[in-house]
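Dear colleague,

I am passing on to you the structure that we spoke about, together with some notes on what was found in it. Please read the notes with the structure open beside them.

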Amino acid sequence: MGSGQVTTSEPFDFQGKHVTVAGLGVSGVPAAKVLHGLGAIVTVVNDGDDERARAQAADLEALGVTVRLGDGATLPEGTDLIVTAPGWQPDKPLFAAARQAGVPVWGDVELAWRLRGPDAADWLAVTGTNGKTTTVQMLASILKAAGLRTAAVGNIGVSLLDAVLGEEKYDVLAVELSSYQLHWAPSLRAHSAAVLNLAPDHLDWHGSMEAYAADKGRIYEGNRVACVYNVADKATEDLVREADVEEGCRAVGFTLGTPAPSQLGVVEGLLVDRAFVENRQKNAQELAEVADVNPPAPHNIANALAAAALARAYGVPAKAVRNGLRAFTPDAHRIAHVADVDGVAYIDDSKATNTHAAEASLAAYDPIVWIAGGLAKGATFDELVAKSAKRLRAAVLIGADRALIREALARHAPEVPVVDLDRTDTGAMRAAVQEARRLASPGDTVLLAPACASMDMFANYNKRGDAFADAVRELGSADG
């Protein structure tokens, strides 16, 4: 872990500056309004020209913002700064033109960071391929239990701009950051930060695993107190080593095993801290029981330890960690127990939209009738199936890219019965649940952990999970 002089972001005077906002949508519209309010001359460029975009454009044009629909490639003349929506890929022609013209590019996170006031709240930041939202929500629950004014913000759906510029004053923010957001946030400097895990994801956007990891690693730059990493995932520790941090900042690991000094871990059903205690060579502080984590699946315990590490880095007492974890309720469609029917548990983890998330979900149950499939987004399934094969009673496959999973099952789990439903209509979920019921025995778990995105069949993973839950409840009511 290098340490050196950490640069702070220079104040930026927006008055009269020509700022181009790339993309309408969740972050673009509020960014355009904020920049216009700061006296900037704002032009919004957007690739799409649909009904929604036209409505958003009319709203902004009424304020005096210029909007160009259907033209996201051309750099408007005289642009001093681009503020981009996080999803816009770095190889877009607009950004190539900006580089050539020496125009800086910020994301919404960078903009929020630059607009913080002098008494701004500290940021405790979290990234990783999976578990970000849960960890940030757990962290916010712990911080609240300590009596701190806080909110879970960022990629979680609550705008950082709103948190930074709103009337409510916060002591500390629990901030979820995606790799996209980190890519466009060059001057972000968190109090402490965690990278939960690293697995191939969004490689079409980043171009390579190395570029993806490097963007995740930006979260550690300039940390003041702790860089939290996953002991079981060496790539996260490597990112800490490469980070340029403030003098005195520490590397703190979390592990599902017994913690070494400067780590948090698990001992005899207890979550314990050997990082933020006096004489960490000899002492450990009990924080909570594993049973305080909801649900106590292995990957969720890891999330709780990461959240606890960030809270402890901020000086939160052990009691608040326990109370915060007890008060936390997971979001819908994250390893949610829907019902027991005929001695079989039905679990909805529709949020497992990639192989890494599905692997964590499959590791929590045994034996499993697995419902999987959807849009693979370029993923391969051999490693997932090989690791989970011994837990599988059977598999039921739906969705556009189900053949990829079927072929991986044939290679690595040939003895596991597979039902290929050959359907991508929304009614396929009902059929999948009925097939799963036929294949399951008392004591089994029917697990929806698709390892794929949902958009081939459903509007989003929430709708997919709802369809599963509805089909399961139908089973129960048919029995009753």
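Please keep in mind throughout that this is a predicted model. I begin with helix α1, which covers residues 25-37 and has 13 residues, and which reaches 18 Å from its first C-alpha to its last, close to the 18 Å expected at 1.5 Å a residue. After α1 comes Gly39, whose phi is positive, near 95 degrees.

The buried residues of α1 are Gly25, Ser27, Gly28, Val29, Ala31, Ala32, Val34 and Leu35. These buried residues pack against several elements, namely the strands β2 (18-22), β3 (41-46) and β5 (81-84) as well as the helices α2 (51-61), α4 (108-114) and α6 (160-165).

Among these partners, α2 may be worth following in some detail. The axes of α1 and α2 come within 11 Å and cross at roughly 10 degrees; because angles under 35 degrees count as roughly parallel, α1 is roughly parallel to α2. On the side of α1 the contact is made by Gly25, Val29, Ala32 and Lys33, and on the side of α2 by Gln56, Asp59 and Leu60. Taken by character, the residues of this contact between α1 and α2 divide into 3 nonpolar, 2 polar and 2 charged.

Further along the chain you will find an open sheet of 6 strands, in which the pairing is mixed and the order is β17-β18-β22-β19-β20-β21. Its edge strands are β17 (336-341) and β21 (418-420), each of which pairs on one side only. On average, and with direction ignored, neighbouring strands of this sheet are turned by 15 degrees against each other. Within the sheet, strand β19 (residues 368-372) and strand β22 (residues 445-448) run parallel and are joined by 4 bridges. To locate this pairing in the model, you could look for Val369, whose bridge partner in β22 is Val446.

The last point concerns a single residue in a loop. Ser187 is found between α7 (179-183) and β10 (192-195), and it counts as buried because its relative accessibility is 9%, where the cut-off for buried is under 20%. Ser187 and Ala379 are 192 residues apart in sequence, while in space they are 32 Å apart, C-alpha to C-alpha.

With best wishes

Conventions:
Residues are numbered from 1 along each chain as its sequence is written. This is a predicted model: local features need pLDDT of at least 70, side-chain atom pairs count only at pLDDT 80 or more; totals for chains, interfaces and linings use all residues. Side-chain values use heavy atoms; hydrogens and water are left out. Helices (H or I, at least four residues) and strands (E, at least two) are DSSP runs, numbered from the N terminus. The expected span of a helix is 1.5 Å times one less than its number of residues. Buried means under 20% relative accessible area, exposed over 50%, partly exposed in between (1.4 Å probe, protein chains only). Contact means heavy atoms within 4.5 Å. Axes are lines fitted to C-alpha atoms, for helices over the stretch in contact, and angles run from 0 to 180 degrees between N-to-C directions. Angles under 35 degrees count as roughly parallel, over 145 as roughly antiparallel, 65 to 115 as roughly perpendicular and the rest as oblique. Ala, Val, Leu, Ile, Met, Phe, Trp, Tyr, Cys and Pro count as nonpolar, Asp, Glu, Lys and Arg as charged, and the others, Gly among them, as polar. Two strands pair if DSSP finds at least two bridges between them.
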